[in-house]
Amino acid sequence: MQLTERNMEKSLCTLAAVIFLGGFFDAAQLTDDTTTEVHLLLNSTSTAASVTVQLQHHSTAKTTPTAAQKLHTTAVTTKKLHRKNISRDSEEENNGEKKPASKTDEKKTQLDCPPLGLESLRVDDSQIRASSSQRSGLGPHRGRLNIQSGISDGDLYDGAWCAAYKDQNQWLEVDAIYLTLFTGVVLQGKNSIWSWDWVHTYKVQLSNDSVTWKTCMNGTEEAIFEGNQNAWSPVLGVLPVPTVARFIRINPQTWYINGTVCLRAEILGCRVHDPGDSSEQDLGSKDPLDFRHHNYNEMRKFMKSVTKECPDITRIYTIGKSYTGLKLYVMEISDNPGKHELGEPEFRYVAGMHGNEALGRELVLNLMQYLCKEYKKGNQRVVRLVTDTRIHLLPSMNPDGYEEAYKKGSELAGWAEGRYSFEGIDLNSNFPDLNNIMWDAEEMAIDKSKVSNHYIPIPEYYTQEDAMVSPETRAVISWMEDIPFVLSANLHGGELVVSYPFDCTVGWAPQEDTPTTDNAFFRWLATVYASTNLVMANPNRRLCHHEDFQVHNNIINGGAWHTVPGSMNDFSYMHTNCFEVTVELSCDKYPHASELPIEWENNKESLLVYMEQIHRGIKGVVRDKMTKQGISDAVIKVEDHDHDIRSAVDGDYWRLLNPGEYKVVVWAEGYFPSMRRCHVGMQPRATICDFTLTKTPLQRLKEIRAKGLKIPQDFLQLRLRALRLRKLRATTKVLNQRRVGQRTLQEERKARGA
Ligand SMILES: [Zn+2]
């Protein structure tokens with residue numbers, strides 16, 4: 001690495017260099033293997049000095065000490081490099097192994113200074129100013145990348161900053177507070193269903209004091225940056241010369257002809273480090289985890305590395321494939337991976353059903369590594385969890401969507417790119433709507449209590465080959481039926497709230513509180529996550545977009561938020577024993593890699609304590625009194641809870657309940673019912689409530705049948721449920737084979753050059 005000085009007046013610059021040398025130097029290491037000029041705007045003078053830095057590629061980031069020594073000889077001798085903040089951005093930091101630089105990596109190096117955090121809200125409203133605003137709902141604080149407006153126009157929460165005047169003197173200003181090496185601007189149009197507004201071209205101005213401004217130059221001319229061509233796609237403008245300053249202004253020059261001057265933005269910049277400034281805290285995590293975004297191949301490698309590190313408690317398996325043939329990998333973490341142990345409840349986290357909501361995926365990968373490391377260390381809490389629970393982690397339910405978003409990266413993927421499956425299906429409304437089937441049946445029934453309230457079969461239409469059911473959804477449904485899951489959460493992003501079923505409202509109301517009979521427990525589950533999440537629990541946090549969930553303590557009934565027929569939560573609850581909630585993890589769907597350590601810290605306790613809730617309520621084994629064999633598919637009814645659950649293959653069952661006294665009736669086909677009172681205490685340990693059932697004389701059942709009386713309704717439903725799943729699996733197989741055939745054909749054609 002070489003550093004040459006050019007046009008640098010030493011008397012002026014040495015002091016400045018002492019202050020920010022580490023800063024721009026670190027930043028330099030993160031960018032490309034080219035020689036780049038760095039501008040420095042110096043305080044109290046408008047003199048711009050520039051130095052030339054030989055920039056290094058990612059993979060050589062570890063050579064810092066040598067590079068630093070050389071640097072010292074030219075400018076400073078005592079300063080230690082402060083790499084903390086910027087190195088959070090280095091993908092190599094916690095990985096150890098070197099990654100080959102792919103094409104995507106090269107493209108991404110342009111972005112290597114992290115966003116200041118207009119989108120993540122790290123930048124406070126008070127740091128953003130503007131020349132003028134159309135009204136307060138379109139104020140400068142709304143000029144944040146990906147911010148979403150409310151449905152109604154004209155409220156306080158509109159979808160951009162919009163200037164009051166249509167002239168070239170308008171600006172949006174961000175105070176980075178610290179000296180910052182600015183490298184780029186990401187620009188986006190206004191989010192609105194009422195109007196089209198975006199900026200075509202803009203200039204950038206920089207200042208150290210917000211009084212004297214210098215316009216970004218491209219050679220000898222003022223640089224004109226290309227902005228947007230639509231309202232939603234973010235566009236990156238790279239500064240021709242990365243420049244150190246404190247304030248930055250975006251100054252629109254031209255805009256969509258029928259619109260006004262509106263924009264949403266993110267600023268890219270590396271903070272310049274000051275060794276004397278104690279406010280430079282480490283904002284990361286102390287856990288030595290692999291904090292970066294993992295694409296499909298990296299994720300696969302990463303998961304393998306965890307199983308290598310912890311072979312005794314982990315196992316990788318796949319539950320199916322995406323439309324393009326990417327495998328849906330699951331990691332199981334348990335003291336006896338690969339088998340269900342009698343009485344041990346099964347838990348799952350599902351992330352990435354919306355492919356662009358990328359934080360959940362990384363948190364689930366972090367969790368794998370964390371559980372492995374802490375188990376090995378003997379962390380008692382983790383050892384207990386792993387010993388008493390069978391944990392299944394699906395980091396990416398929609399890998400096709402994720403790959404699409406990943407190609408664009410965290411700042412340029414926008415709000416919706418990669419959300420849907422390859423076929424354009426929203427996986428969170430692709431499950432069969434069982435709510436309306438049950439509600440319709442209840443409406444028709446003379447005696448409501450006779451209508452089955454659980455294990456509702458998949459409807460016939462849904463099992464057809466031509467049904468619009470994605471292979472990802474099909475895979476997850478099969479998985480849900482294979483494993484007796486008790487508790488789950490599915491991880492999303494773009495808001496900060498935990499929502500609980502029902503997601504689907506009665507009578508197609510767009511918004512209505514639609515509680516399940518287990519509402520109290522679901523609210524408890526949601527509260528457990530929300531109250532331990534460090535961002536949600538912060539009373540001073542500002543709202544993400546336009547909805548204030550803090551007034552509800554950051555939890556909400558799914559239907560009360562917005563109706564979603566065919567959601568995974570509702571399906572899980574109606575078709576299986578498993579209780580599931582949705583966690584919206586962060587305002588930013590796809591946070592920059594530099595945010596991942598702090599997001600892990602924000603969610604670590606929540607992820608752990610939520611899993612521990614699986615050990616609440618009652619559990620036990622339902623056995624045959626004579627043979628002592630476990631009875632599968634026994635119905636567990638809890639008084640005043642019109643939602644039964646069923647025992648698993650070995651006769652074991654889990655019924656999540658809040659503390660209290662419960663009358664429990666257990667019944668199975670061919671047995672007399674049995675009743676017990678079970679007490680659930682405050683401690684997070686399930687109360688054991690075993691049942692032994694006495695068989696009714698077989699002869700009697702046969703007599704009933706011979707007389708032509710009905711087989712119990714419940715039994716028929718169970719049969720139908722099994723039959724429909726078989727059908728769904730059969731059509732899935734056919735479809736998958738057809739797709740593989742098509743792919744092979746396409747590849748052959750490609751190979752032939754057709
Ligand atoms: Zn989502």
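**Zinc, pockets and helix α8**

Biologist: Which protein donors hold the zinc ion, and how far from it do they lie?
Modeller: Two histidines give their ND1 atoms, H354 and H492, while E357 comes in with its OE atoms, listed twice. Donors here are N, O or S atoms within 2.8 Å of the metal (3.2 Å for Na, K and Ca), and water isn't among the atoms, so sites may look incomplete. The distances from the zinc ion run from 2.0 to 2.6 Å.

Biologist: Before we go on, what are the ground rules for this model?
Modeller: It's predicted: local features need pLDDT of at least 70 and side-chain atom pairs 80 or more, while totals for chains, interfaces and linings use all residues. Numbering runs from 1 along each chain as its sequence is written, and side-chain values use heavy atoms, without hydrogens or water.

Biologist: How are the zinc donor residues spaced in sequence?
Modeller: H354 sits in the loop between β16 (346-351) and α6 (359-377), whereas H492 belongs to strand β18 (485-492). Elements are DSSP runs, helices H or I of at least four residues and strands E of at least two, numbered from the N terminus. That histidine pair links distant parts of the chain, 138 residues apart. With E357 among the donors, the pattern reads H-x2-E-x134-H.

Biologist: Are H354 and H492 buried or exposed?
Modeller: The cut-offs are under 20% relative accessible area for buried and over 50% for exposed, with partly exposed in between (1.4 Å probe, protein chains only). By that test, H354 and H492 are both buried.

Biologist: How many residues of helix α8 are buried?
Modeller: Helix α8 spans 399-408 and is mostly covered. P399, D400, G401, Y402 and E403 are buried, and so are A405 and Y406. Just after the helix, G409 takes a positive phi of about 90°. The count for α8 is 7 of its 10 residues.

Biologist: Which elements each supply at least two residues of the lining of the largest pocket?
Modeller: By class, that lining divides into 14 nonpolar, 23 polar and 12 charged residues. Asp, Glu, Lys and Arg count as charged, Ala, Val, Leu, Ile, Met, Phe, Trp, Tyr, Cys and Pro as nonpolar, the others, including Gly, as polar. The elements are α12 (558-561) and β21 (579-584).

Biologist: And which element gives the most to the lining of the second largest pocket?
Modeller: A pocket is an open set of 1 Å grid points where a 1.4 Å probe fits, with protein on both sides within 12 Å along at least five of seven lines; lining residues have an atom within 4 Å of a point. This lining has 20 nonpolar, 10 polar and 12 charged residues. Among its contributors of at least two residues are α9 (435-444) and β26 (660-667). The top contributor, with 6 residues, is α16.
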